[in-house]
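Here's a quick walk through the metal sites of this model and one loop position. Have the structure open while you read.

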Amino acid sequence: MTLELTIVGCAGSTAGPDSAASCYLVSAADDAGRTWRLVLDLGSGAVGPLQRHCDPARVDGVVISHGHPDHCADLGAVDVLRRYGPARDEGLPRIPLLGPAGIDRRIGDVSGNPSDRGAETYDHWPVTAGETVSIGPFTIEAARALHPVRAFAYLIAAGDSRLLFTGDTDRCDAVDALASRATAILGEAGWAHREVNPPGVHMNGDQLGRMAADAGVERLIVTHIASWVDPEPTLAQVRAHAPQAVLARPGDVHAL
Ligand SMILES: [Zn+2]
Ligand SMILES: [Zn+2]
């Protein structure tokens, strides 16, 4: 069984001219041959390019790292698609929404109706650190990330593949522990190649490369470099420790 990762959006902090903010699609088939799809983050602008790769109304789960808009703003857009789009009358099952407790409130924040939590579209499953959840062929394990708001990293496994999605995090023991069990890492380098790195927010390229090297993980996809930053110097910094690292690019598909 292959876990396939599609980069939908990889720009950090805001959508950029060539990419939506954080959004990734992972897919894997179950034993009966049915393909299951999870969306990791629904950052600003993501619902546009996501439609190139799947029908957002029919995904099997949405997994949100945290409540910053570059990771969750388009929860509301998928809710609108479900309620008013072509599938509105089909009685589709609600989509499991994994994320920090209260992440569903962000839908009301963007819709302007504080009581709107997308309850017709999503079935909110608040995540706790150390918890493992199953959806189809996937198991999803959460670890608390180190970020100014409540945030999670996730280890997403299907078959023999185990993908660590860091979300936004400074380097920390809990995320390192997931990395040690991963076969591939989709890792943030939100501080890019800057050397002065305020603690508790993001990794820079040096830290991300070291994390993958310490974990012995060769498959490393570098993401969440700010939309206004040239990513190449950061990739060079990562590759000093993880020579096979590549940059996330919208539309790229990785078989993991
Ligand atoms: Zn972010
Ligand atoms: Zn953030």
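## Ground rules

A residue is called buried under 20% relative accessible area, exposed over 50%, and partly exposed in between, using a 1.4 Å probe and protein chains only. By that yardstick histidine 71, at a relative accessible area of 1%, is buried.

This is a predicted model, so local features need pLDDT of at least 70 and side-chain atom pairs count only at pLDDT 80 or more, while totals for chains, interfaces and linings use all residues. Residues are numbered from 1 along each chain as its sequence is written, chains are lettered from A and ligands numbered from 1 in the order in which they are written, and side-chain values use heavy atoms, with hydrogens and water left out.

## Zinc ion (ligand 1)

Which residues hold this ion? The zinc ion (ligand 1) is coordinated by Asp70 (OD), His71 (NE2), Asp168 (OD) and His224 (NE2), at 2.1 to 2.2 Å. Donors here are N, O and S atoms within 2.8 Å of the metal (3.2 Å for Na, K and Ca), and since water is not among the atoms, sites may look incomplete.

The angles at the zinc ion (ligand 1) run from 88 to 167°, so the arrangement is irregular. That label is what's left when four donors aren't tetrahedral (all angles between 85 and 135 degrees) or square planar, and six aren't octahedral (for both, opposite donors over 155 degrees apart and all others between 65 and 115). Histidine 71 in helix 2 and histidine 224, in the loop between strand 13 (219-223) and strand 14 (225-226), link parts of the chain 153 residues apart. Helices (H or I, at least four residues) and strands (E, at least two) are DSSP runs numbered from the N terminus. Histidine 224 is buried too, at 3% relative accessibility.

## Zinc ion (ligand 2)

For the zinc ion (ligand 2), the protein donors are His66 (NE2), His68 (ND1), His147 (NE2) and Asp168 (OD), 2.1 to 2.4 Å away. Their sequence spacing reads H-x1-H-x78-H-x20-D. The angles here span 93 to 165°, which makes this arrangement irregular.

The two zinc ions sit 3.5 Å apart, with aspartate 168 coordinating both. Histidine 68 is in the loop between strand 5 (61-63) and helix 2 (69-72), and aspartate 168 in the loop between strand 11 (161-165) and helix 5 (173-179), so this pair ties together parts 100 residues apart in sequence. Histidine 68 is partly exposed at 25%, whereas aspartate 168 is buried at 2%.

## A loop glycine

Glycine 130 sits in the loop between strand 7 (122-126) and strand 8 (132-135). Its 53% relative accessibility makes it exposed.
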